[in-house]
Amino acid sequence: DSPDFEIKLVITQPDKPIGRKQKLRQPPVKILAEKYGLKIEQPDTLKNFNIQIDSELGVAVQYGLLIPKYILETPKHGIINIHPSLLSKYRGASPIQSAILHGDTQTGVTIMKMDEGLDTGPILLQKQVKIEPNETYTTLAQKLAKIASGVLTEAIHGYVSGQIKPQAQDSSLATNCREFKREDGQIDWSQSAMEIYNQWRAFQPLPGVFTEAIFGKKNIKIKILKMRPPAVPDVILSETKDPSPFIKLNKKTLGAMAGDGQIILIDELQPEGKKAMKAEAFINGYLR
């Protein structure tokens with residue numbers, strides 16, 4: 001919406017087949033670009049891709065494909081990147097999830113000039129953001145996105161005018177984070193309650209968290225869809241006789257015992273092969 005910029009080209013990933021019918025779904029960036037009548041390219045790879053425009057600056061965010069050096073050098077002022085952490089902390093694929101998983105209380109947005117490394121380029125501008133105690137990946141990502149748009153505009157003006165000079169990162173302080181997979185969501189109940197709660201917060205909605213529990217002689221995989229912060233209950237009504245972390249606190253309240261003796265409160269679950277259910281329905285079906 002800024003009158004200061006003319007967007008000459010939008011590059012986003014190709015439409016991808018989704019679901020059982022493999023229906024093609026357009027990337028959200030493409031949908032927005034088409035709304036504003038912008039030129040769009042969707043290459044499968046940027047290798048040997050020729051950008052045939054004369055541009056001052058490029059902006060990249062969560063693109064997901066390697067950007068070759070010759071493209072980084074195509075715009076007059078190079079390409080800058082929006083990264084959702086306070087670099088050089090959490091370089092890599094999962095900076096928001098990693099900050100929550102490790103129990104950080106602060107994160108932020110970094111605008112950096114891209115180089116050939118993985119989030120190693122010099123910093124133009126940073127904005128620090130508080131991580132609220134009950135914030136999940138979804139809510140924090142949305143908050144950072146809103147902040148990033150304002151920080152980006154400020155950084156572009158300052159960088160192109162020469163008022164902001166790129167500052168090299170201190171690589172000795174760098175931490176790298178990887179892409180998380182489904183198996184990373186398995187809960188280790190020997191961990192503290194807060195570590196487990198942070199794992200759930202970080203992995204919402206994907207890859208999600210799950211546990212395995214034996215009921216009767218059957219081992220069941222159970223997704224934990226909603227949980228609350230750790231608590232020390234006044235009374236434990238009953239514990240299951242099966243090898244299970246679940247505890248019935250009252251007729252409607254379900255908990256699970258963590259390694260530090262605290263109780264995780266669980267509001268919604270999904271046993272394998274079943275629909276999602278509230279704690280009360282799970283108690284009636286599994287913990288009677």
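**View 1. The second largest pocket of this predicted model.** Here we're looking into a pocket with a volume of about 370 Å³. Its lining is made up of 20 residues. If you want to find the middle, look for R182, P207, G208, V209 and K223, which lie nearest the pocket's centre.

**View 2. What lines the second largest pocket.** Sort the lining residues by type and you get ten nonpolar, six charged and four polar. Three elements each give two or more residues to this lining: β11 (209-215), β12 (218-231) and β16 (263-271). Which of the elements gives the most? That's β12, with five residues.

**View 3. An open sheet of four strands.** Now we move to a sheet whose strands line up in the order β5-β6-β8-β9. The pairing is mixed, and the sheet is open. At its edges stand β5 (58-60) and β9 (123-130). Why does each of these have a side without a neighbour in the sheet? Each has a single partner strand, so one of its sides is left free of a sheet neighbour. Going from one strand to the next, the twist averages 15°.

**View 4. Strands β6 and β8 side by side.** This close-up picks out one pair from the sheet: β6 (residues 79-83) and β8 (residues 106-113). The two run antiparallel, and four bridges join them. To get your bearings, find H83 and look across to β8, where T110 stands opposite.

Note on methods
Residues are numbered from 1 along each chain as its sequence is written. This is a predicted model: local features need pLDDT of at least 70, side-chain atom pairs count only at pLDDT 80 or more; totals for chains, interfaces and linings use all residues. Side-chain values use heavy atoms; hydrogens and water are left out. Two strands pair if DSSP finds at least two bridges between them. Axes are lines fitted to C-alpha atoms, for helices over the stretch in contact, and angles run from 0 to 180 degrees between N-to-C directions. On a 1 Å grid over the protein atoms alone, a cavity is a set of points where a 1.4 Å probe fits but cannot get out, and a pocket is an open set with protein on both sides within 12 Å along at least five of seven lines; lining residues have an atom within 4 Å of a point. Grid points are joined across faces, edges and corners, and a volume is the space filled by probe spheres set on the points. Ala, Val, Leu, Ile, Met, Phe, Trp, Tyr, Cys and Pro count as nonpolar, Asp, Glu, Lys and Arg as charged, and the others, Gly among them, as polar.
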